[in-house]
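Me: I am new to this structure. Please show it to me, and then I will ask how the descriptions are arrived at.

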Amino acid sequence: MTERIRNFLDKIPHDGPVLVVDLEAVRENYLTFSRTMPDTSIYYAVKANPAPEILSLLAELGSSFDCASVAEIEMVLAAGATADRISFGNTIKKEADIARAHALGVRLFAFDARAELEKIARAAPGGQVFCRILCDGEGAEWPLSRKFGCDPAMAEGLMEEAQNLGLEPLGLSFHVGSQQTDLAAWDRALATVGGLFRRLADKGIVLRLVNLGGGFPARYRRDVPAMEAYSQAIHDAIIAHFGNHPPKTIIEPGRAMVGNAGIIRSEVVLISRKDQSKTSEDNPRWVFLDIGKFGGLVECMDEAIRYPIRSRRDDDAMEPAIIAGPTCDSADVLYERNRYPLPLSLDIGDHILIEATGAYTSTYASVAFNGFAPLKSLVI
């Protein structure tokens, strides 16, 4: 937790769960990316956290933006960025939205299917396109395989078709999976991309861009490699597969840009056990919070993302506990297989701090499931 967030939380009452994001931490993260990958353009993944204050700061620092919708594009433009710093990176877009983005000045579009390519050709004539290829996501805690991307052989044909449709076939993209801790993941993908570049060049289509995607991790309960290690691994892979003529590269950090900048303060609503006749080992505590999966912690699904959880009683004796949310839905359990050590002295009404929650929380929160208000978000 940053000292700024600690001091801020001490001053505000608890009237429901709240996410607090420290802009100074976001600034530091951006500068780390800029320093460690100076030859790569940064396109912040807006979906991670589209708070206007975050977008304005990143626009001021010179960031570009990866947008998933027209609404995100409009938010980025309102934050002060220009359209030439925006990529419409969602491969699934309505034709009307492509046309709207084009009218706003966006020229860079992602695709992974022939029908999507044809929509771009009709709605954004002359636009620049990059094709996303399938990536297995091995090593990622939140894989993004199957739904996005196409087979590399299919991508080769689609880039030829892009040129035939009057578009500019600019490059290729991939995503190695969110919270990726395997440094070799980018090398495996770049080996495929390098081969595609060469085969297309032989056909007269000279690509100039590789979108390296996101995947850079936030630190949760386990240590992760430093950004310098990712930079070196990616640099080595580019040299290995492109030699002395590397393409332009872009990255789309989201989680690593804002994850560690945010903390959610929650309240203990209930502590219970299910069977008084059993010992504590066979009768674990259930600790119910006033936030759960529907309140913004969707990435606890399958216990994929394991947030650090703290309380002011952490110096007391601890016992593993099941942690669950407040809603009337049996799926609203955060951690059961991986039980968390929590103080035995923990009591109803105590505050719990869920750390590294700046990314993929406020925008994942439901509008009002069970009548609970959406997660309040504050930026300092």
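Me: What supplies the area that the protein exposes?

Reply: The protein exposes about 16,600 Å², and carbon and sulfur atoms supply 51% of it. Accessible areas come from the Shrake-Rupley method with a 1.4 Å probe, where for residues only the protein chains shown count as cover. This is a predicted model, in which local features need pLDDT of at least 70 and side-chain atom pairs count only at pLDDT 80 or more, while totals for chains, interfaces and linings use all residues. Residues are numbered from 1 along each chain as its sequence is written, and side-chain values use heavy atoms, with hydrogens and water left out.

Me: Which helices and strands are counted, and how many are there?

Reply: The protein has ten helices and 18 strands. These are DSSP runs numbered from the N terminus: helices are H or I with at least four residues, strands are E with at least two.

Me: Why is the protein called as compact as a globular protein of that length?

Reply: Its radius of gyration, taken over C-alpha atoms, is 22 Å. The globule rule (2.2 Å times the number of residues to the power 0.38) gives 21 Å for 380 residues, and the two values are close, so the description holds.

Me: Why does Ala45 count as buried?

Reply: Buried means under 20% relative accessible area, exposed over 50%, and partly exposed in between (1.4 Å probe, protein chains only). Ala45 has 2% relative accessibility, so it counts as buried. Ala45 belongs to strand β2, residues 40–45.

Me: What does Ala45 touch?

Reply: Leaving aside residues up to four places away in sequence, Ala45 touches Asp66, Glu252, Pro253, Gly254 and Tyr360. Contact means heavy atoms within 4.5 Å.
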